[in-house]
Amino acid sequence: MGKVKPADVCDLKAKKKCCRKSTRCVRCPVVIHRMRKLDSAQLSKKQLGKALKKARAA
């Protein structure tokens, strides 16, 4: 799959089941939901990258 831009995470299709590992994958439903809750239009590219890291780590 390669690298995914943080702004494009909201448009990805989520996997059916969450892996629940300590670092979640990008296509995890939880990560996609957390990124959709953010207003990506208001955030810069750097802020989106940090938000994606936070969403995957939690």
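User: How should the solvent exposure of C25 be read: is this residue buried, partly exposed or exposed?

Analyst: This is a predicted model. C25 has a relative accessible area of 22%, so it counts as partly exposed. Burial requires a value under 20%. For the chain as a whole, 22% of the 58 residues count as buried.

User: Why is the sulfur of C25 without a bond to the closest cysteine sulfur?

Analyst: The criterion is a distance between two cysteine sulfur atoms, which must lie within 2.5 Å. The closest cysteine sulfur to that of C25 belongs to C19, and the separation of 4.1 Å is too far for a bond.

User: How many disulfides does the structure hold?

Analyst: The count is 0. C18 is likewise in no disulfide, and its nearest cysteine sulfur, in C28, is 3.2 Å away.

User: Which side chain of opposite charge is nearest to R24, and how far away is it?

Analyst: A salt bridge calls for a nitrogen-to-oxygen distance within 4 Å. The nearest candidate for R24 is D11, at 20 Å, and R24 has no salt bridge although it is buried. R24 lies in the segment before α1 (29-37). Leaving aside residues up to four places away in sequence, R24 touches C18, C19, V30, V31, A55, R56 and A58.

User: What is the secondary structure of the chain, and how compact is the chain?

Analyst: The chain has 2 helices and 0 strands. Its radius of gyration is 11 Å, close to the 10 Å that the globule rule gives for 58 residues, so the chain is as compact as a globular protein of that length. The C-alpha trace spans about 30 × 25 × 20 Å along its principal axes.

Technical notes: Residues are numbered from 1 along each chain as its sequence is written. This is a predicted model: local features need pLDDT of at least 70, side-chain atom pairs count only at pLDDT 80 or more; totals for chains, interfaces and linings use all residues. Side-chain values use heavy atoms; hydrogens and water are left out. Helices (H or I, at least four residues) and strands (E, at least two) are DSSP runs, numbered from the N terminus. The radius of gyration is taken over C-alpha atoms; the globule rule is 2.2 Å times the number of residues to the power 0.38. Buried means under 20% relative accessible area, exposed over 50%, partly exposed in between (1.4 Å probe, protein chains only). Lys and Arg count as positive and Asp and Glu as negative; His and the chain ends are not counted. Contact means heavy atoms within 4.5 Å.
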